[in-house]
Amino acid sequence: MDKLFYVGVSAALFAAFAFSLNFVVPFIIGDYSTFDFALVRHVVSALVGLYILFSGKGIMRHLTLRNCLDAIRLAFVGYVGYFLTVTGAAVFAGPVIAPAFLGLVPIVLMVVGNQRQGSLPWRSLVMPLALVVAGLALVNGTAFTAEGLNSVRSLWVGVPLALAAVGLWVWFALANQAALAARPEMPSGVWSALILVGGGVLMLAFYPLGAAMDLFRLPTLGFGWSAAGGLYVWGTSLALLATVGGVWAWNVASRSLPVALAAQLIVSETAFGVVGGLIVHARWPSPIEIAGVLVLIAGVVLSVRIFHQRQFTARKILAAQESAA
């Protein structure tokens with residue numbers, strides 16, 4: 001049980017780091033658009049998913065129509081939709097303000113998840129939740145200053161996109177955990193591969209419409225390596241690390257941890273995202289931002305401790321009952 005618990009914690013933290021890379025995408029792809037990047041990234045991820053699905057034994061029995069349709073639906077909500085809203089928020093609201101709003105994700109997810117699952121009494125969650133809120137406030141305290149607004153193109157577009165990303169991620173986290181719980185016989189890797197393939201199929205289906213709307217720059221700038229080599233390198237790198245790694249890690253965490261704890265751990269995505277924003281701006285964090293990160297870490301550590309103690313106590317009670325019987 002302890003091993004499963006710590007595997008879940010490690011997986012959730014890795015997923016948070018992987019997903020935070022979305023914040024810096026608009027600033028590493030040059031003249032190509034985020035849609036070009038999304039196309040490359042999700043097609044590469046889909047190829048990895050196909051390899052997983054057709055390289056193992058006994059996997060075909062999991063490839064039912066219902067499983068495939070559910071995976072495509074979740075891919076649309078949690079990966080294609082979330083990626084596009086996050087990157088759009090970063091483009092219009094800047095790489096510092098976008099993570100500030102997405103800091104709402106762990107708060108909303110923890111409240112909704114604990115309300116649905118009843119993992120812990122609310123009084124046990126007050127202190128870690130307070131630390132998370134305080135840490136987010138400190139980390140993002142400079143987001144709306146003159147310095148933080150330097151790269152803002154339109155808050156009226158960026159903020160709604162960031163809030164849409166919050167809603168999509170909360171929806172995905174809850175729906176994905178329910179889908180995994182309904183499929184206890186399916187390995188997490190197979191479910192992850194189905195979602196990866198679903199994301200690639202959706203991006204390929206969207207390409208003709210997006211090209212007609214002039215959202216893709218590949219037809220204009222060129223598909224050749226000399227022109228698009230950087231896009232392919234970054235797209236493939238983040239496909240393997242952020243998409244494939246993130247999907248797999250989050251599914252492992254979803255099977256191993258209650259939603260409320262996974263939500264507390266995903267708060268580290270905000271810290272990772274802010275660090276990425278600081279790198280983009282080529283500046284050191286302020287003392288307030290450092291204090292915010294430390295408070296966030298304290299909230300995460302406290303959450304892990306509380307949930308671990310809860311599991312340890314439950315096991316002691318169960319062992320005592322079995323001994324008495």
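Reading from the N terminus, the elements of the protein chain go α-α-α-α-α-α-α-α-α-α-α-α. In this predicted model, then, the tally comes to 12 helices and 0 strands. The chain has 325 residues, and 51% of them count as buried.

For helix packing, one pair to look at is α2 (residues 34-55) with α9. Their axes come within 8 Å and cross at roughly 55°. An angle of that value falls in neither the parallel, the antiparallel nor the perpendicular range, so α2 and α9 are described as oblique to each other. As for handedness, α2 goes past α9 in a right-handed crossing.

Helix α9, which spans residues 225-256, also holds L241. This leucine has a relative accessibility of 32% and therefore counts as partly exposed, since the partly exposed class runs between 20% and 50%. L241 belongs to a nonpolar patch on the surface, where its companions are F14, F17 and F272. Taken together, the four side chains of the patch offer about 300 Å² of accessible area.

Now to the charged side chains. The whole structure contains 3 salt bridges, and D70 turns up in the contacts described next. Its partner R66 sits in the same helix: both are part of α3 (residues 65-102), 4 residues apart, or about one turn of the helix. The D70–R66 bridge has an N to O distance of 3.8 Å. The two ends differ in their surroundings, because D70 is buried at 17% relative accessibility, whereas R66 is exposed at 61%.

A second bridge links D70 to R73, with the closest N and O atoms 4.0 Å apart. Here too the partners belong to α3, and because they are 3 residues apart, about one helical turn separates D70 from R73. R73 has a relative accessible area of 39%, so this arginine is classed as partly exposed.

The bridge between D70 and R183 has its N and O atoms at 2.6 Å. D70 is in helix α3 while R183 is in the loop between α6 (155-181) and α7 (188-212), so this pair ties together parts that are 113 residues apart in sequence. Both ends of the D70–R183 bridge are buried. Through shared partners, the salt bridges join R66, D70, R73 and R183 into one network. In terms of exposure, that network takes in the exposed R66, the partly exposed R73, and the buried pair D70 and R183.

What about the backbone? Most residues other than glycine have a negative phi. Against that background, D214 is worth a look: this aspartate is not a glycine, yet its phi is positive, at about 65°. D214 is found in the loop between α7 and α8 (218-221). Its relative accessibility is 56%, which is why D214 counts as exposed, the cut-off for that class being over 50%. The two loops mentioned here both border α7: R183 lies in the one between α6 and α7, and D214 in the one between α7 and α8.

Terms used:
Residues are numbered from 1 along each chain as its sequence is written. This is a predicted model: local features need pLDDT of at least 70, side-chain atom pairs count only at pLDDT 80 or more; totals for chains, interfaces and linings use all residues. Side-chain values use heavy atoms; hydrogens and water are left out. Patches are made of residues with over 30% relative accessible area and no salt bridge: like charges are joined within 9 Å, nonpolar side chains (Val, Leu, Ile, Met, Phe, Trp, Tyr) within 5 Å. Accessible areas come from the Shrake-Rupley method with a 1.4 Å probe; for residues, only the protein chains shown count as cover. Buried means under 20% relative accessible area, exposed over 50%, partly exposed in between (1.4 Å probe, protein chains only). Axes are lines fitted to C-alpha atoms, for helices over the stretch in contact, and angles run from 0 to 180 degrees between N-to-C directions. Angles under 35 degrees count as roughly parallel, over 145 as roughly antiparallel, 65 to 115 as roughly perpendicular and the rest as oblique. A crossing is left-handed if the near helix is turned anticlockwise from the far one by less than a right angle, and right-handed if clockwise.
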